[in-house]
Amino acid sequence: APSRRARAAVAAGATMVNDVSASLHETAARLGVAWVAMHMQGEPGTMQTAPRYDDVVGEVGAFLAQRVAACRARGLREEELCVDPGIGFGKTLAHNLALLRALPRLRVSGAAMLVGVSRKGFIGALSATPEPGARLPGSLAAALAAALLVFQVPLRTWQQVAPYLFVIGLCSLVVVLIPHIGREVKGARRWISFAGFQLQPSEFVKLAVVLYAADYTVRKAAF
């Protein structure tokens with residue numbers, strides 16, 4: 001049973017119950033761990049068989065709000081609550097895109113939000129990439145686009161930041177690739193501190209590309 005699996009996971013060291021049934025709030029409260037309430041229409045084996053909604057955003061939003069209210073009544077603290085719109089769980093491509101566009105409206109006051117998009121089928125459909133293992137670029141772009149939407153970060157901010165990251169990355173790669181310059185900066189293998197993270201020079205280029213991709217995804221692709 002799901003509750004037994006949750007108890008076993010917590011006994012093994014888990015600190016969160018990621019609940020695709022959105023029904024284990026009492027178990028999470030008893031165990032004293034965080035709880036993620038995910039929306040899913042139907043059952044895992046049949047959820048993608050012609051899912052239908054009259055208003056996917058309204059229905060998913062109401063479901064998540066009701067689940068949070070139920071677990072608050074059981075004593076879970078706000079910092080232990082998280083909602084997940086369930087991208088790809090009983091949703092068509094159109095449903096997934098509608099939910100992603102509406103992420104700010106799906107937030108429930110006091111609860112964190114989890115958006116799982118990695119290698120999902122909607123990315124394959126948008127990018128004509130049937131192999132899940134090849135969907136990493138789309139996954140990164142969709143995840144960052146979701147973060148921009150959830151936190152309502154102005155796109156102009158990212159449009160301004162991305163070019164600087166790209167230039168920094170190119171300059172850093174030059175330092176790495178030209179040996180005598182590399183020696184002057186104490187070795188060719190350099191790690192650069194940016195915003196509290198240690199990144200290899202090439203990572204700046206990758207980060208900039210992801211930022212551009214997320215910007216394009218938000219503005220052009222479907223969001």
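Reader: Taking helices (H or I, at least four residues) and strands (E, at least two) as DSSP runs numbered from the N terminus, what phi does Gly75 take just after helix 3?

Author: Gly75 takes a positive phi of about 100° there. Please bear in mind that this is a predicted model, in which local features need pLDDT of at least 70 and side-chain atom pairs count only at pLDDT 80 or more, while totals for chains, interfaces and linings use all residues. Residues are numbered from 1 along each chain as its sequence is written, and side-chain values use heavy atoms, leaving out hydrogens and water.

Reader: And what span should helix 3 have?

Author: Its 18 residues should span 26 Å, because the expected span is 1.5 Å times one less than the number of residues, and the end C-alpha atoms are indeed 26 Å apart.

Reader: Which of its residues are buried?

Author: Among those buried (under 20% relative accessible area, 1.4 Å probe, protein chains only) are Val56, Val60, Leu64 and Val68. Their cover, counted by contact (heavy atoms within 4.5 Å), includes helix 2, strand 2, strand 3, helix 4 and helix 5.

Reader: Where does helix 3 meet helix 4?

Author: The contact joins Val56, Val57 and Val60 of helix 3 to His95, Ala98 and Leu99 of helix 4.

Reader: Switching to the core, how many residues does the largest nonpolar one have?

Author: It has 37 residues, with Trp35, Leu103 and Phe122 making the most contacts inside it; such a core is a set of buried Ala, Val, Leu, Ile, Met, Phe, Trp, Tyr and Cys residues joined through side-chain atoms within 4.5 Å. Helix 3 supplies the largest share, six residues.

Methods
Buried < 20%, exposed > 50% of the residue type's maximum accessible area, 1.4 Å probe, protein only.
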